[in-house]
Amino acid sequence: MRKRGRNLADTDVDLIVGMLDGWSGILSWKGLIDAVEKRLFCGYTRQALSKHDRIAQAFRLSKIRFAEAGMARGPKRTLTPAEQALSERLTRREAEVTRLRAENQRLLERHVLWLYNARARGLTPAELEQPLPPVHRGQTKATLRRAGNG
């Protein structure tokens, strides 16, 4: 039985999504799991990775990108190392832009849903735009008692 890996932090999710943006070759969950284990020194299952919406979405978009580009056929001509590096960089940027557009669309849809629900419950735009209350760090009941205010 394998020891449970640590929870994925936001930085880990960002790293994995970035790996998917720049992925070359055949993409599979097994391949991604192996790459993540080499990078983060911690093993995860497909279920653990796909539980994170950003990773699952980036994986799905990468699969679509590969299918549309016909990645199985390979390049038509041999590229110089500089051309290959630029090509990989461009591919990574295009994948990142596609993924970020999809994430942005999901966030906009969520915002519309929240706006609808707020309006249905009678909240006004002015109420929704109120700033957060100030945070009073370090002021506990014991601190106030010692100061003579409690």
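How are α1 and α4 oriented to each other, roughly parallel or oblique? Keep that in mind while the tour gets under way; the model on screen is a predicted one, and the answer comes once both helices are selected.

**The whole chain**

Start with everything displayed and coloured by secondary structure: the protein has 7 helices and 0 strands, and along the sequence the pattern reads α-α-α-α-α-α-α. Colouring by accessibility instead, you will find that 22% of the 150 residues count as buried, while the accessible surface comes to about 12,000 Å², with 56% of that surface belonging to carbon and sulfur atoms. If you draw the contacts between residues with a separation of 6 or more, 67% of them are accounted for by residues 24 or more positions apart.

**Select residues 10-21: helix α1**

Helix α1 has 12 residues, and from its first C-alpha to its last it reaches 16 Å, close to the 16 Å expected at 1.5 Å a residue. Show the side chains of Asp12, Val13, Ile16, Val17, Met19, Leu20 and Asp21, which are the buried residues of this helix. Then bring in the surroundings: the cover over these buried residues includes α2 (29-40), α3 (46-50), α4 (53-69) and α5 (81-120).

**Add residues 53-69: helix α4**

With α1 still selected, add α4 and fit an axis to each helix; the two axes are 9 Å apart and the packing angle is about 0°. An angle under 35 degrees counts as roughly parallel, and α1 and α4 are therefore roughly parallel to each other, which settles the opening question. To see the residues that make this contact, select Val13, Asp14, Ile16, Val17, Leu20 and Asp21 on the α1 side, which meet Arg54, Ile55, Ala58, Phe59, Ser62 and Arg65 on the α4 side. Coloured by class, the residues of this contact divide into 7 nonpolar, 1 polar and 4 charged.

**Move to residues 81-120: helix α5**

Helix α5 has 40 residues and reaches 58 Å from its first C-alpha to its last, close to the 58 Å expected at 1.5 Å a residue. Its buried residues are Ala95, Arg99, Ala102, Glu103 and Ala118, and what covers them includes α1, α4 and α6 (125-128). Following the helix onward, select Gly122, which comes after α5 and has a positive phi, near 85°.

**Show α1 and α5 together**

Return to α1 and keep α5 visible: here the axes come within 8 Å and cross at roughly 125°, and the two helices are therefore oblique to each other. The contact is made by Val17, Gly18 and Asp21 of α1, together with Thr91, Arg92, Ala95, Glu96 and Arg99 of α5. By class, this contact has 2 nonpolar, 2 polar and 4 charged residues.

**Finish on Arg92**

Is Arg92 of helix α5 buried or partly exposed? Select this residue and colour it by relative accessibility: at 34% it counts as partly exposed, because buried means under 20% and exposed over 50%. Leaving aside residues up to four places away in sequence, Arg92 touches Gly18, Asp21 and Gly22. As a last step, draw a distance between the C-alpha atoms of Arg92 and Gly18: they are 8.3 Å apart in space, although 74 residues separate them in sequence.

Note on methods. Residues are numbered from 1 along each chain as its sequence is written. This is a predicted model: local features need pLDDT of at least 70, side-chain atom pairs count only at pLDDT 80 or more; totals for chains, interfaces and linings use all residues. Side-chain values use heavy atoms; hydrogens and water are left out. Helices (H or I, at least four residues) and strands (E, at least two) are DSSP runs, numbered from the N terminus. The expected span of a helix is 1.5 Å times one less than its number of residues. Buried means under 20% relative accessible area, exposed over 50%, partly exposed in between (1.4 Å probe, protein chains only). Contact means heavy atoms within 4.5 Å. Axes are lines fitted to C-alpha atoms, for helices over the stretch in contact, and angles run from 0 to 180 degrees between N-to-C directions. Angles under 35 degrees count as roughly parallel, over 145 as roughly antiparallel, 65 to 115 as roughly perpendicular and the rest as oblique. Ala, Val, Leu, Ile, Met, Phe, Trp, Tyr, Cys and Pro count as nonpolar, Asp, Glu, Lys and Arg as charged, and the others, Gly among them, as polar. Accessible areas come from the Shrake-Rupley method with a 1.4 Å probe; for residues, only the protein chains shown count as cover.
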